[in-house]
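I opened the notebook for a new model today. My plan is to look at cores, the chain contact and charged pairs.

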Amino acid sequence: MKRGHDNWETVIGLEVHTQLATRSKIFSGSSTAFGAAPNTQASAVDVALPGVLPVLNKKAVECAIRFGLAVDATLNRVNVFDRKNYFYPDLPKGYQISQLAKPIVEGGTLKIVVEGEERTIHLTRAHMEEDAGKSLHEDFHGMTGIDLNRAGTPLLEIVSEPEMRSSAEAVAYARALHTLVTWIGICDGNMQEGSFRVDANVSVRPVGQAEFGTRREIKNLNSFKFLQQAIDYEVRWQIGTLEDGGRIEQATVLFDPDTGETRMMRSKEDAHDYRYFPDPDLLPVKLDEDWIEAVRAGLPELPAAMQARFQADYGVSAYDAAVLTGSRALADFFEAAARACGQGKLAANWVMGELSAALNKAELDIAQSPVSATQLGTLIARIQDGTLSGKLAKQVFEGLWEGAGEVDAIIEARGLKQMSDSGELEKIVDDVLAANPKSVEEFRSGKEKAFNALVGQVMKASRGKANPAQVNELLKTKLQ
Amino acid sequence: MPDASLSALAAQLAAKQVSSRELARQYLDRIAALNPAINAFITVDAEKTLLEAAAADARIAAGQAGPLTGVPIAHKDIFCTDGWLTTCGSKMLHNFVAPYDAHVIQRFKAAGMPSLGKTNMDEFAMGSSNETSYFGAVKNPWNTACVPGGSSGGAAACVAARMAPAATGTDTGGSIRQPAALCGITGLKPTYGLVSRYGMIAFASSLDQAGPMAPSAEDCALLLNVMTGFDPNDSTSLEREKEDYTRDLDQPLAGLRVGLPREFFAEGLNSEVAAAVEAAVTELKKLGATTVEISLANSKLAIPVYYVLAPAEASSNLSRFDGVRYGYRAPDYASLDDMYCKTRAQGFGAEVKRRILIGAYVLSHGYYDAYYLQAQKIRRLIADDFNQAFKACDIILGPTAPGTAFKLGEKSDDPVEMYLNDLYTIPANLAGLPGMSLPCGFDAKGLPIGLQLVGNYFSEAKMLNVAHQYQRATDWHSRQPEDLK
């Protein structure tokens with residue numbers, strides 16, 4: 001066996017649990033709001049009292065339809081809820097209501113961009129299910145507390161084909177999926193609160209081998225960073241194990257962010273037989289065409305379509321278009337700014353440059369930006385019409401960020417208008433030429449650098465307000 | 001009083017000849033006198049009953065009474081009843097006081113019918129003799145050495161002994177009809193989906209259906225008017241227009257086509273039962289009915305199919321009884337798994353455990369297709385047989401059970417022999433069809449014999465019409481055990 005990571009290929013498939021953004025639970029009327037006192041959002045149905053029955057929340061189904069349409073998948077017109085049976089204290093019924101044989105969504109694709117290259121990842125399926133509650137092991141002195149607030153929260157589990165070949169691709173896929181589910185409004189995307197949880201199925205195989213290696217499943221990764229770290233560690237571990245003559249056993253593992261390592265949770269031998277069967281308390285879910293079309297009509301323009309349009313309408317690059325559609329709020333901001341100034345490429349540069357840098361530094365997201373899209377658009381328009389140089393524009397941007405008022409007011413108040421009076425500029429140029437005979441001499445003797453020094457002197461003397469192009473032109477004329 | 005029909009009691013209440021409190025008191029007294037011998041009730045709470053009766057009297061006084069306001073009723077202990085112990089006949093729930101009312105209970109409360117208590121039943125409705133109850137066997141009022149049938153044995157016995165004018169029951173494979181037959185009363189299992197299952201502790205969700213148990217078909221029609229109706233809390237509840245099930249009671253039977261399934265009159269049927277059922281057919285013919293022989297060829301598979309599907313659903317439905325949140329928890333345990341094992345080992349009786357094991361087995365990996373899926377396919381064939389049959393007849397008639405009440409303990413050691421008691425009742429559950437049992441005679445030992453009617457979907461009014469006309473022509477349903485009179 002050849003050794004070294006170059007001789008191995010990594011195979012990754014992801015299962016992502018997205019919490020659907022419904023106000024009430026999937027089978028009861030309880031609230032899904034995060035952070036309430038334990039068991040205050042658990043009804044008779046959530047606690048699984050004897051005799052209670054589930055009633056499906058149509059909003060959850062609508063979210064699943066939205067997703068299916070957004071990834072161009074097959075929507076199963078009849079889909080079925082099954083019971084997944086196992087015992088755990090935070091699973092009140094002793095079974096989870098999920099979908100096995102007939103999920104609501106099958107197939108579909110998602111485009112990702114890794115190192116500038118676009119790839120299409122195929123989805124296997126997406127199905128609706130209910131979340132479990134939480135077991136609280138601390139603070140109970142050898143006992144376990146159960147909080148059923150989360151029990152019955154609607155989830156859409158989205159399963160990819162094992163088509164990713166590196167942690168970078170897995171992260172790109174997870175990010176693209178995160179963007180999409182928040183974009184179409186079916187998930188709030190909050191990873192800290194568990195609204196978007198990733199399980200990664202990872203295996204390795206010798207390059208050129210057709211069959212997959214034995215996979216291990218890393219459970220419950222709640223950040224993109226951990227996803228990357230966990231896969232990287234797992235791949236190294238699997239390759240090392242195989243190269244040392246060991247075997248990979250199918251298993252479920254957990255990632256420990258403190259050590260950066262994965263550790264065994266349960267082996268295949270401990271695997272449950274879930275005894276799935278159709279839930280007799282729920283009728284098959286039927287999707288009629290009118291419902292599907294109504295949901296389709298309510299879908300926003302999707303990231304892929306918007307990227308193509310940004311390239312066509314605003315002349316931005318494919319890369320920029322992908323960055324600008326990183327979230328719906330960012331895309332909307334960009335488009336509003338671009339429309340306000342009529343300058344797509346400049347708007348893209350400002351949004352991805354100055355604005356993003358300032359937001360990152362202040363740890364704000366685009367929705368919280370102190371500078372509005374209209375203000376940014378006006379600022380860019382002032383560059384375009386010659387009122388501002390790029391440098392002055394940055395000063396105005398700072399003023400906008402501080403909340404000092406509108407663009408023109410800041411220019412006026414701070415005297416940032418580019419010098420437009422050619423008589424005034426000519427006088428400065430003449431003074432500079434008179435004061436720097438050495439530079440003039442050097443330029444005339446062929447030293448190009450001396451010209452730049454003179455430009456610098458003029459800009460300095462104008463306190464940055466001179467139009468650099470005008471300065472160049474004047475100097476050239478005078479020095480001829 | 002013990003002989004009065006529901007409509008007669010309602011008339012006395014309306015005429016202020018008796019108050020609901022007085023009526024409740026009389027029944028409570030009779031329960032106090034007879035229940036020690038019969039064991040039909042798990043919980044009796046006179047104070048609660050009398051409070052509800054007083055509220056009914058206030059409604060009557062205020063002129064806001066419905067047709068049955070003030071008439072008391074007993075509820076099977078499978079229905080969650082707010083503030084009442086609700087045990088489902090199990091040690092697992094021996095201490096469970098329900099914090100809410102089942103839909104059926106809500107309806108009877110809304111109708112102003114006071115509850116006389118919670119009736120005994122086979123544990124989690126699993127049984128045909130009422131011997132699996134954690135609270136002890138129920139005795140048949142016609143012969144206390146005999147079983148009352150099950151699982152609604154307490155309900156059937158309390159009505160037969162006139163400890164209550166009526167009772168609620170539930171029927172998964174015959175649990176209303178078989179005890180009605182063995183106790184000589186009338187009981188009806190409606191079309192699946194007609195009565196909400198919300199708050200009714202689930203045994204086998206796709207088969208369970210609640211229904212009325214009372215001396216006569218007319219009583220059952222009045223009770224059905226109260227029980228049925230759409231419930232948004234039960235996804236399998238049917239959204240239909242409200243019906244008056246008494247509307248066709250007095251229709252003549254001329255032209256009625258009665259289907260006699262040859263499979264129900266074959267080997268295994270007790271000859272005295274066969275004779276009584278045939279006599280009933282003769283009676284119906286006198287009333288203008290004609291008969292036609294039909295075949296329900298796949299019904300012979302009903303018991304094996306049922307004993308795959310019902311335990312499969314039960315094994316999952318009963319998983320919530322884990323000792324974590326309510327009900328019984330083993331006193332000593334070493335770990336979580338140990339707590340589960342001991343709680344369920346100690347909390348469930350033998351029959352319940354047997355069915356959980358069967359259910360877990362037929363759903364397990366590698367066996368699902370061979371058992372569960374196969375059973376579902378046959379279930380469809382059984383329903384198809386009925387569809388075919390109803391092209392040739394309006395109603396199907398046969399025996400309810402293959403024999404009359406058997407001795408306590410007689411079949412306890414042989415589950416298969418016990419299961420055969422539901423041979424004729426299970427097919428209707430598998431097909432989701434309505435069925436009823438009504439008294440049609442007695443055997444040589446003086447034990448009641450039950451006649452079963454199975455109708456097409458939503459034909460309850462027709463079934464009740466047939467039963468009522470038969471009961472106008474006969475008096476089997478009004479007979480009572482001599483020594484309890």
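These entries record what I looked up, in the order I took the topics.

**Entry 1: the model.** I am working with a predicted model. I keep that in mind for every entry below.

**Entry 2: the cores.** I began with the nonpolar cores. The largest one has 164 residues. Inside it, B:Phe124 and B:Leu464 have the most contacts. I then asked which helix gives the most to this core. It is α9 of chain B, residues 302-317, with 10 residues.

I followed B:Leu464 outwards, setting aside neighbours within four places in sequence. Its contacts are B:Leu188, B:Ala217, B:Cys220, B:Ala221, B:Leu224, B:Tyr245, B:Leu249 and B:Met436. A second core is separate and holds 109 residues. A:Leu14, A:Ile104, A:Leu110 and A:Val371 are included in this second core. I noted the general background too: nonpolar side chains tend to be buried together in soluble globular proteins.

**Entry 3: B:Leu9.** Next I picked a single residue, B:Leu9, in helix α1 (residues 6-14) of chain B. Is B:Leu9 buried or exposed? B:Leu9 is buried, because its relative accessible area is 0%. Not counting residues up to four places away in sequence, B:Leu9 touches B:Ala4, B:Leu23, B:Tyr27, B:Val71 and B:Pro165. I also took a distance to B:Val258, which is 249 residues apart from B:Leu9 along the chain. Their C-alpha atoms are separated by 33 Å.

**Entry 4: a surface patch.** I turned to the surface. B:Tyr361, B:Tyr367 and B:Tyr371 make a nonpolar patch of about 280 Å². B:Tyr367 sits in the loop between α11 (350-363) and α12 (369-392) of chain B. Its relative accessible area is 35%, so B:Tyr367 counts as partly exposed.

**Entry 5: chain B against chain A.** I looked up the contact between the chains. On the chain B side 38 residues take part, meeting 29 residues of chain A. About 2,700 Å² is buried between the two chains, and carbon and sulfur atoms give 59% of that. In chain B, the residues that lose the most area to chain A are B:Ser235, B:Arg320 and B:Arg325. Together they make up 22% of what that side buries.

How many salt bridges are there between chain B and chain A? I found 1. A:Asp281 pairs with B:Arg197, with the closest N and O atoms 3.1 Å apart. Both residues belong to a salt-bridge network with A:Arg83, A:Asp279 and B:Asp234.

**Entry 6: other salt bridges.** Over all chains the count is 45 salt bridges. I checked three of the pairs inside a chain.

- A:Glu9 and A:Arg165 form a salt bridge, with the closest N and O atoms 3.4 Å apart. A:Glu9 is in strand β1 (residues 8-19) and A:Arg165 is in the loop between β11 (154-160) and α3 (167-183) of chain A, so the pair ties together parts 156 residues apart in sequence. A:Glu9 is partly exposed at 25% relative accessible area. A:Arg165 is partly exposed at 27%.
- B:Lys411 and B:Glu417 meet at 3.9 Å, N to O. B:Lys411 counts as buried because its relative accessibility is 14%, where the cut-off for buried is under 20%. B:Glu417 is partly exposed, at 36%.
- B:Asp475 forms a salt bridge with B:Arg479, the closest N and O atoms lying 3.3 Å apart. B:Asp475 is partly exposed at 39%, and B:Arg479 is partly exposed at 35%.

Key:
Residues numbered from 1 in each chain as written. Chains lettered and ligands numbered in written order. Predicted model: local features only at pLDDT ≥ 70, side-chain atom pairs only at ≥ 80, totals over all residues. Heavy atoms only, no water. Core = buried A, V, L, I, M, F, W, Y, C linked by side-chain atoms within 4.5 Å. Buried < 20%, exposed > 50% of the residue type's maximum accessible area, 1.4 Å probe, protein only. Helix = DSSP H or I, 4+ residues; strand = E, 2+ residues; numbered from the N terminus. Contact = heavy atoms within 4.5 Å. Patch = residues over 30% accessible without salt bridge, like charges linked within 9 Å, V, L, I, M, F, W, Y side chains within 5 Å. Areas by Shrake-Rupley, 256 points an atom, 1.4 Å probe, with all protein chains shown as cover. Salt bridge = Lys/Arg side-chain N within 4 Å of Asp/Glu carboxyl O. Buried area = accessible area lost by both parts, 1.4 Å probe.
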